[in-house]
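Subject: Structure handover

Hello,

I am passing this structure on to you. Please open it first, then read the notes underneath.

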Amino acid sequence: MRSLPALWSRCSLRFRITTLATVVTLAVLLALAGLGGRLLGPLLTQSVDEELAVARAGAVAEVERGEPVGNPAGLRVRVLDTAGRPTDGGRPPALDDPAVRTLKSGLPVSMPGDPPVRWHGTVATAPDGAQRLVVAGTGLVGFAAVVHDASRWLLGIAGLGAVTAGLTTWFAVGFALRPVSRMRRALRTLGPGERLPLPPSEDELRALADEFNGLLARQREATDKLQRFTGDAAHELRSPVTSIRAQAEVAVTNPDPDTSQDVLTDVLTESERLSALLDGLLALARSDAGERPAATPVELVSESRAAVRRCSTESLLVRVSAPAGEVWAGATHAEVELVLDNLLRNACRYADAQVVLSVLGARSWARVVVDDDGPGIPAEHRERVFDRFYRVTDDRARTSGGSGLGLALVAELVRRRGGRVATGDSPDGGARFVVVWPAAEPV
Ligand code: ADP
């Protein structure tokens with residue numbers, strides 16, 4: 001069997017709000033009805049007390065003047081001695097000794113009976129000096145019935161109030177949630193690229209629809225990006241595969257030992273390009289899938305010197321400009337190696353005579369700058385060179401051999417560590433690439 005909270009959470013919002021409102025209203029009204037029933041008895045007695053006090057005061061004045069005591073309509077006014085015995089010749093009133101003592105002290109008493117009788121009394125001195133207990137009383141006729149009836153009425157009103165509150169809440173919540181139903185219906189039929197219609201009111205539901213539309217836009221952007229990426233990847237892969245196939249076909253149809261070496265060299269070059277492309281795609285796919293090894297501090301100065309040794313060419317001057325100490329970045333060794341190799345490879349590819357790799361460190365960041373004296377990157381392309389498959393000129397010549405994935409991978413690896421990448425003009429006349437990683441504690 002389901003537990004109550006589980007059942008409750010399965011009910012509609014409208015039902016839950018209505019139930020809560022009804023229960024709370026019922027509880028409040030029942031409490032008020034109970035309070036009203038309890039207060040009604042004392043209120044009725046208080047009005048009787050006021051009447052009896054007036055009658056008693058009149059009788060006291062008459063006793064003190066030695067005049068006979070009159071009986072106002074509906075009240076019993078009696079003159080007793082201090083022991084509670086009548087001195088006015090009438091029958092003894094139904095008052096016991098404790099009641100007589102209370103009345104002598106000036107407090108009222110209620111004597112049980114059918115109906116109960118309420119008494120007020122006080123001691124007065126007759127002109128002959130005798131002490132008299134003057135009492136005024138009246139039967140509390142119909143009080144119990146009035147209190148009982150009033151309580152029943154109050155309970156009925158409480159029930160009716162709760163039902164009214166419940167119905168009002170049910171319809172009010174239904175009305176307030178109508179835009180939600182409309183949004184749900186719209187969502188069911190929403191086509192690709194479409195947005196939710198916004199409710200006219202400037203309320204929370206409009207804000208929700210707005211947020212949802214924002215999410216749809218972001219999703220659309222991500223899907224478009226993925227589609228572009230897949231299309232570009234297929235396009236890029238096709239070119240070396242087609243080339244390899246064409247070379248192979250030529251070699252098979254014209255088996256010429258003189259040209260076979262050239263064909264094999266071409267096939268090898270294209271295979272290498274294909275392999276580099278697949279490596280890049282795989283690395284990006286891993287990163288997209290959220291694969292992120294833990295950062296271990298990497299020392300940038302030694303890494304830069306090693307990278308320069310790996311790419312050094314005879315025709316170019318490639319050097320490192322670094323501070324005397326160490327500069328530590330929060331990344332992984334493989335990431336730093338890949339970033340430096342990509343930037344240096346590009347710089348060496350485009351530089352005329354020299355490439356400078358500078359390393360700089362501060363308290364919270366570690367920076368690498370690669371400058372060359374090549375043609376540079378025109379300002380209008382600088383934003384996009386970090387996009388996947390983007391090339392400044394559509395240059396897929398075998399000499400440059402670029403896949404258009406190198407800088408995208410650099411940006412991806414740096415950004416996922418909380419760093420940033422940028423490109424601009426180098427003081428040496430060519431391109432400048434700047435990579436900033438968050439600094440790390442030395443190990
Ligand atoms: P690729 O593998 O084609 O070099 P990248 O992502 O590394 O791809 O670079 C993207 C494009 O940016 C290159 O095609 C090139 O046009 C441009 N580029 C990169 N580095 C430099 C540089 N140092 N000087 C001039 N252009 C550059």
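Below is what I found, from the whole chain down to two single residues.

Please keep in mind that this is a predicted model.

Overall shape

The chain holds 10 helices and 11 strands. Its radius of gyration is 50 Å, whereas the globule rule gives 22 Å for 443 residues; the chain is therefore more spread out than a compact globule. The C-alpha trace tells you the extents: about 160 × 60 × 45 Å along the principal axes.

Burial, contacts and surface

Of the 443 residues, 35% are buried. Take the contacts with a separation of 6 or more: 63% of them join residues 24 or more positions apart. The exposed area of the chain is about 26,300 Å². Carbon and sulfur atoms account for 58% of that area.

On charge, I count 51 positive side chains and 53 negative ones. The centres of these two sets are 8 Å apart.

Annotated segments

Two UniProt features, both from an unreviewed entry, are worth setting against the model.

- "Transmembrane region": UniProt assigns this to residues 153-177. In the model that stretch is 96% helix and 0% strand. Its end C-alpha atoms lie 36 Å apart.
- "Domain: HAMP": UniProt puts this at residues 174-224. Here the model has 69% helix and 0% strand. The end C-alpha atoms of this segment are separated by 39 Å.

Two residues to look at

Start with Thr-18. It sits in helix 2, which runs over residues 13-65. Is Thr-18 buried or exposed? Its relative accessibility is 10%, and buried means under 20%, so Thr-18 counts as buried. Beyond residues up to four places away in sequence, Thr-18 touches Gly-166, Thr-169 and Trp-170. Those three partners have numbers inside the range 153-177, the stretch that UniProt annotates as "transmembrane region".

Then go to Arg-118. This residue belongs to strand 3, residues 117-125. Arg-118 has 12% relative accessibility, so it is buried by the same cut-off of 20%. What does Arg-118 contact, once neighbours within four places in sequence are set aside? Its partners include Thr-45, Val-48, Asp-49 and Leu-52. Also among them are Pro-108, Val-109 and Ser-110. Ala-136, Gly-137, Thr-138 and Leu-140 are in contact with Arg-118 too. Leu-140 is 22 residues away from Arg-118 along the chain, and their C-alpha atoms are 6.8 Å apart.

Over to you.

Best wishes

Definitions and conventions
Residues are numbered from 1 along each chain as its sequence is written. This is a predicted model: local features need pLDDT of at least 70, side-chain atom pairs count only at pLDDT 80 or more; totals for chains, interfaces and linings use all residues. Side-chain values use heavy atoms; hydrogens and water are left out. Helices (H or I, at least four residues) and strands (E, at least two) are DSSP runs, numbered from the N terminus. The radius of gyration is taken over C-alpha atoms; the globule rule is 2.2 Å times the number of residues to the power 0.38. Buried means under 20% relative accessible area, exposed over 50%, partly exposed in between (1.4 Å probe, protein chains only). Contact means heavy atoms within 4.5 Å. Accessible areas come from the Shrake-Rupley method with a 1.4 Å probe; for residues, only the protein chains shown count as cover. Lys and Arg count as positive and Asp and Glu as negative; His and the chain ends are not counted. The place of a charge is taken as NZ of Lys, CZ of Arg, CG of Asp or CD of Glu. UniProt positions are given in the numbering used here, feature names are shortened, and annotations may be inferred rather than shown by experiment.
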